[in-house]
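Got the viewer open? Let's walk through it stop by stop, selecting as we go.

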Amino acid sequence: MKITTNINSLLRRTNSELAFQRCINPFCGTTCAVTEVRTACPKCGDLLDVDYDWSLVDIPSSLAEFEKHWQQRFSPVRFSGVWRFHELLPFAPIDRLITAGEGQTLLQQADAVGRFVGMQPGKLYLQYEGMNPSGSFKDNGMVAAFTHARMIGASRAACASTGNTSASLAMYCSVTQLMRAIIFIGSGKISYGKLSQALEYGALTVQIAGDFDDAMQRVQEVAKDLGIYLVNSINPFRLEGQKTVMFRVLEALRWEVPDWIVVPGGNLGNSSAFGKAFYELYKLGLIERIPRLAVINAAGADTLYQLFEKRGLRWNYGKPAMEIACHYYDELDRDHRKADTIASAIEINRPVNLKKCLRALEFCDGVVRRVSDQEILDAKAQVGAGGIGCEPASAASVAGARLLRQEGVIASGDRVVCILTGHQLKDPTATVAYHTADQDKFNEVLGSRGVSRAAFANRAVAVPNELDAIIKAIQLYS
Ligand code: F0G
């Protein structure tokens, strides 16, 4: 059946017929309606997935069929890089979808960065999610959660954030004027670029004395008490939208599956969503093989690395030994260890999507690595020198790919896609400190993080305000 027929039939149906929520624990499997607002299974408390009765969705016979939607770019819904894949996340009828032009992003072949990583020419790609309207990948998921929130009639939405989720929520609230944004941030942990967005877009901004992990816990309590819709990635509808990052990667590769997807890991929403995307595409017969997944932690916030690589925690067909994680969290509390990294977006020690990420790692034969702040900033400088800037957390993917290349886990001829999750201007403080010639500034911002050198710094040249001196400096350095 053709996609156009498909949309019409979706329009006629109520979404509840084909979409529902399901507990991720295969030994529980409790389901609830798509219209219910939940962040946990009502029976066992585990995370929830959005799931579909695919037999009621007229799925295209091949991914290439989605190219037909390119001709409908005049329609805001088909212009959206999320909703042009609506058939693969059909939880809301097409006439209820909200959009702010998200997902117009780019998969860039990046040979210079590829050389730095150790790849053969033509093998490294950067998926640049900084091009989203609020400047990060969050818009992919936020538009889906926002659509769900409006579908069930919510008037207020809340999140805890290291900055990008809050910027995205605030942006959708102000663009649509449909909901009030309430955001929780930790004290002193949010970059100015992100904070400025939330304030300017008019979000109610609650700064609590604590870090992101504290804010995450509080926002869940408050959302429950006050009946406010929660849009953190614990919300399964967020992850539906984030699946489309992978659909666009495949689209840009003319529907060929790469060998590796490398992604920074914080709250583990992206990695979980990517795993779900590939699982569903494979189950639906739309791809024939699964890429491998590499999730990269910052060394100062490396819970997933510690649990997966060091303590052997696995999804284990739906029976992860969660006492390993509990024990680890007890150790963090006992030693008063807080997450600490220059990559503030992923400064998270208690990732809410841990189990879903373990499932994704199992399905995608994944690996986890950790990279230091020094490695992150060097990789970031290389990405920036290649013309596409990114924020520190995003560069963890490139630093991680380099590490995996050095280890020989990634081969130089593999086709590798690194996800650049956020725009360069999100966090200028770290960038300027890295490139500055001012040693005090460097030490103040970076020294305390163990960053001792700026191998790829592009220093500003200081000259007196005299024509001769300026000309001399330009001739010397250009
Ligand atoms: N990169 C950036 C730029 C981010 O903002 C985040 C998360 C991540 C990576 C990690 O992604 O959670 O899916 O593993 N930022 C959240 C926020 C926590 O509040 O903006 P994840």
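Start by selecting the ligand and Thr-421: a polar atom in the Thr-421 side chain sits 2.7 Å from a ligand nitrogen. That pair is a polar contact, meaning N or O atoms within 3.5 Å of each other; within protein, one must be able to donate a hydrogen and the other to accept it, and residues adjacent in sequence count only if both atoms are side-chain atoms. Protein covers 99% of the 480 Å² of accessible area that the ligand has on its own (Shrake-Rupley method, 1.4 Å probe; for residues, only the protein chains shown count as cover).

A word on what you're looking at: this is a predicted model, where local features need pLDDT of at least 70 and side-chain atom pairs pLDDT 80 or more, while totals for chains, interfaces and linings use all residues. Numbering runs from 1 along each chain as its sequence is written, and side-chain values use heavy atoms, leaving out hydrogens and water.

Now add Ser-161, whose polar side-chain atom lies 2.8 Å from a ligand oxygen. Lys-138 comes next, with a side-chain N or O atom 3.0 Å from a ligand nitrogen. Want the full surroundings? Show the 20 residues around the ligand (near means a heavy atom within 4 Å); the closest are Thr-162, Asn-164, Gly-266, Asn-267 and Thr-421.

Keep Lys-138 on screen and click Ser-168, in helix H5 (residues 164-176). Helices here are DSSP runs of H or I with at least four residues, strands are E runs of at least two, and both are numbered from the N terminus. Ser-168 touches Ser-134, Lys-138, Asp-139 and Met-142, leaving aside residues up to four places away in sequence; a contact means heavy atoms within 4.5 Å. Ser-168 is buried, at 0% relative accessibility (buried is under 20%, exposed over 50%, partly exposed in between; 1.4 Å probe, protein chains only).

Next, go to Gly-130, in the loop between strand S5 (124-128) and helix H4 (138-151). Gly-130 is buried too, at 3%. Leaving aside residues up to four places away in sequence, its contacts include Thr-421, along with Leu-420, Gly-422 and His-423.

Last stop: the cysteines. How many disulfides does a search of the whole structure find? Zero, taking a disulfide as two cysteine sulfurs within 2.5 Å. Select Cys-28: the nearest cysteine sulfur, on Cys-41, is 3.8 Å away. Then try Cys-364, where the nearest cysteine sulfur is that of Cys-357, 9.7 Å off. Cys-28 is partly exposed at 22%, whereas Cys-364 is buried at 3%.
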